[in-house]
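Visitor: Please show me the sequence and the structure, and then take me through a few points.

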Amino acid sequence: MVTESHAALRGLLTGRLRGHERRLRRFTERDWRRYGDLLAGALLVAVRRRFVAGQDRAPVIRFVASARERYDAGGHDVDPVLAEALVWAALGERPPVPDSAAAVVARTVLLLGLLEDEGLTDGERDEILTAAAQAVDASTQDAERHRTDTSTKPSRGGAGTGSAVESADGEGDGRRGMGAAT
């Protein structure tokens, strides 16, 4: 099922900005959380298609500079250090980036840059969004199961991240992608 959040993000990624903005205006708090999770998950998938853990820093630095040049005309909206941290966090090289408005802007710019660079078809773009949505749904179910388990059992100090996106590639490795919005 395609949610409003999914449709809004797809609208952004396909250049249908009026529809994207119209959907955003109707968002509930839950829609905003899901949108943030989908954005983080889609970025995770796209980053892992382009970069690999342990690689040289130069290609990441060049990509971030290129994305900022294309989508941050004034050069003030996307902090390059934050943007690079999001990429490295997606690769598991750094801890997740805390959620903030700046992180959402950076995720959006990076995702647009990655998808444009790959020249994806609409179908390939949809595959990335579908993978992100499936990861969000699976981790949301896991989080609900965890809450149910911990509410019926005495606490043993176990830790869960409580994140709606742990990993968008199905590995469930405990990373929160790029610090997905929750």
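**Burial and packing**

Guide: At 17% relative accessibility, Arg-34 counts as buried, because buried means under 20% relative accessible area (1.4 Å probe, protein chains only; exposed is over 50%, partly exposed in between). The model is predicted: local features need pLDDT of at least 70, side-chain atom pairs count only at pLDDT 80 or more, and totals for chains, interfaces and linings use all residues. Residues are numbered from 1 along each chain as its sequence is written, and side-chain values use heavy atoms, without hydrogens and water.

Visitor: In which helix is the place of Arg-34?

Guide: Helices here are DSSP runs (H or I, at least four residues), numbered from the N terminus. Arg-34 touches Thr-3, Ser-5, Ala-133, Val-136 and Asp-137, leaving out residues up to four places away in sequence; contact means heavy atoms within 4.5 Å. The place of Arg-34 is in helix H3.

Visitor: Which helix gives the most residues to the largest nonpolar core?

Guide: A nonpolar core is a set of buried Ala, Val, Leu, Ile, Met, Phe, Trp, Tyr and Cys residues joined through side-chain atoms within 4.5 Å. The largest one has 44 residues. Among the elements that give two or more residues to this core are H1 (4-13), H3 (29-50) and H6 (101-118). The most, nine residues, come from H3.

Visitor: How many of the eleven residues of H5 are buried?

Guide: The buried residues of H5 include Leu-82, Glu-84 and Trp-88, and the buried residues pack against H3, H4 and H6. H5 is mostly covered, and of its eleven residues the number buried is nine.
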